[in-house]
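Biologist: Could you walk me through this fold and its ligand site? Short answers will do.

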Amino acid sequence: GQSKGAVTFNVFEMWDSDEPVPRVELLKKVKGCDGILCVLTEKIDAQLLEAAGPNLKVVSTMSVGFDHLSLDELKKRGIRVGYTPDVLTDCVAELTVALLLATSRRLIEATHEAKTGGWGTWRTLWLCGHELANSTVGILGLGRIGVAIAERLKPFKVKKFIYTDVAPRPELANMIEAEYVSFDELAKQSDFLAVCCALTPETHGICNWNLFSKMKKNAIFINTSRGGVVNQEDLYEALSTGLIAGAGLDVTTPEPLPTHHPLFTLKNCVILPHIASASYTTRNAMSALAANNLLAGLRGEPMPKELKL
Ligand SMILES: O=C(O)C(=O)CO
């Protein structure tokens with residue numbers, strides 16, 4: 001007597017903790033599952049899919065990023081994948097702007113000085129930073145989030161938006177009047193460079209010495225995508241030698257970044273603990289979408305947001 005489209009769970013098990021489920025535990029628990037709803041701390045790879053076995057039909061991740069999912073392995077097994085684009089775009093763009101301003105205007109350094117006695121008399125060059133007005137903002141990987149960042153930065157009187165990607169994306173670019181440039185030109189022209197691409201084998205480590213060495217001395221580098229796109233040794237060199245002016249990172253490798261990591265010693269590096277989508281509204285929307293993707297997948301219906309494999 002169940003209503004049409006209802007999904008009956010024989011067993012529904014939830015890891016009821018904010019801490020990630022230990023891998024060994026997860027490998028045991030997934031055995032025989034039809035569906036898995038995960039977050040980005042869970043690696044969904046061949047080992048896990050083998051442990052789950054042939055019942056598994058759908059993996060729903062509560063994230064827009066999918067670098068923790070082995071897409072080839074999922075595709076090979078005919079497992080459908082749901083993810084959570086769109087619902088976090090505003091929240092991530094907002095945080096990216098906050099991180100950019102915190103970095104360029106040295107807010108973290110400034111509050112530290114204010115409360116630890118570093119605040120003397122008003123001084124002409126003390127805690128000077130770089131402003132957005134008349135600047136060129138570069139976007140590495142133009143998608144929903146890059147557009148939303150540019151829309152928010154425009155009222156700060158940015159002079160020009162430029163972007164690079166595997167190919168021009170005129171529909172998105174037109175929304176923000178952004179010009180398509182090469183990777184090298186993006187490095188050379190950007191006063192602010194925001195990384196908004198997905199982490200894939202192609203983008204792994206692309207923000208390395210080759211990029212930083214072409215950037216302006218006054219440039220601010222911002223990453224709210226994935227730590228894996230950055231070569232952190234090269235970024236450390238670039239920041240500590242003044243090759244670029246500053247970096248704001250919401251994502252690192254690994255996460256959490258160990259407290260003794262050299263990047264934490266730099267005043268011109270602002271590090272946040274992966275909080276770009278952390279608003280109550282957005283996290284609620286992400287969890288609802290992830291649940292609805294899972295249910296649709298289990299019913300064999302179109303998912304609200306399915307990742308095409
Ligand atoms: O959704 C993602 O991919 C995140 O990194 C957290 O929102």
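The questions below go from the ligand to the sheets and then to the loops.

Biologist: What kind of model is this, and which residues are around the ligand?
Modeller: The model is predicted. Around the ligand, each residue has a heavy atom within 4 Å of the ligand. The residues are L40, S63, V64, G65, L88, R226, H274, S277 and M286.

Biologist: How does that shell divide into nonpolar, polar and charged residues?
Modeller: Glycine is counted as polar here. On that basis the shell around the ligand divides into four nonpolar, four polar and one charged.

Biologist: Which residue has a backbone N or O atom 2.7 Å from an oxygen atom of the ligand?
Modeller: Two side chains also belong in this picture. R226 places a side-chain N or O atom 2.7 Å from a ligand oxygen. H274 has a polar side-chain atom 2.7 Å from an oxygen of the ligand. The backbone atom belongs to G65.

Biologist: What percentage of the ligand's exposed area does the protein bury?
Modeller: H274 has its polar side-chain atom 2.7 Å from a ligand oxygen. Taken alone, the ligand exposes 220 Å². The protein buries 92% of that.

Biologist: Which strands stand at the edges of the seven-strand sheet?
Modeller: This sheet is open, and its pairing is parallel. The order is β6-β5-β4-β7-β8-β9-β10. Each edge strand has a single partner, so one side of it is left without a neighbour in the sheet. Those strands are β6 (178–180) and β10 (269–271).

Biologist: What is the average twist from one strand to the next in that sheet?
Modeller: The sheet is an open one of seven strands. Going from one strand to the next, the twist averages 20 degrees.

Biologist: Which residue in β6 is the bridge partner of Y163?
Modeller: Strand β5 covers residues 160–164. It pairs with β6 in the parallel sense over three bridges. The bridge partner of Y163 is Y180.

Biologist: At what angle does helix α10 run to β9?
Modeller: Helix α10 spans residues 232–240. It lies across β8 (220–223), β9 (246–249) and β10. Its angle to β9 is about 140 degrees.

Biologist: Which strands stand at the edges of the four-strand sheet?
Modeller: This open sheet has mixed pairing, in the order β1-β2-β3-β11. Each edge strand has a single partner, so one side of it lacks a neighbour in the sheet. The edge strands are β1 (35–38) and β11 (306–307).

Biologist: Which residue in β11 stands opposite V81, and which helix packs on this sheet?
Modeller: Strand β3 (residues 80–82) runs antiparallel to β11, and two bridges join them. V81 stands opposite L307. The helix touches β1, β2 (58–61) and β3, and its direction makes about 170 degrees with that of β2. That helix is α11 (residues 280–299).

Biologist: In which loop do P254 and P256 lie?
Modeller: The peptide bond from T253 to P254 is cis, with omega near -10 degrees. The bond from E255 to P256 is also cis, with omega near -5 degrees. P254 lies in the loop between β9 and β10. For P256, too, the loop is the one between β9 and β10.

Biologist: What is the phi of R106?
Modeller: R106 lies in the loop between α4 (89–104) and α5 (107–115). Its phi is positive, though the residue is other than glycine. The value is near 55 degrees.

Terms used
Residues numbered from 1 in each chain as written. Predicted model: local features only at pLDDT ≥ 70, side-chain atom pairs only at ≥ 80, totals over all residues. Heavy atoms only, no water. Polar contact = N/O pair within 3.5 Å; in protein donor to acceptor, adjacent residues only side chain to side chain. Areas by Shrake-Rupley, 256 points an atom, 1.4 Å probe, with all protein chains shown as cover. Pairing = 2+ DSSP bridges. Axes fitted to C-alpha atoms, helices over the stretch in contact; angles between N-to-C directions. Contact = heavy atoms within 4.5 Å.
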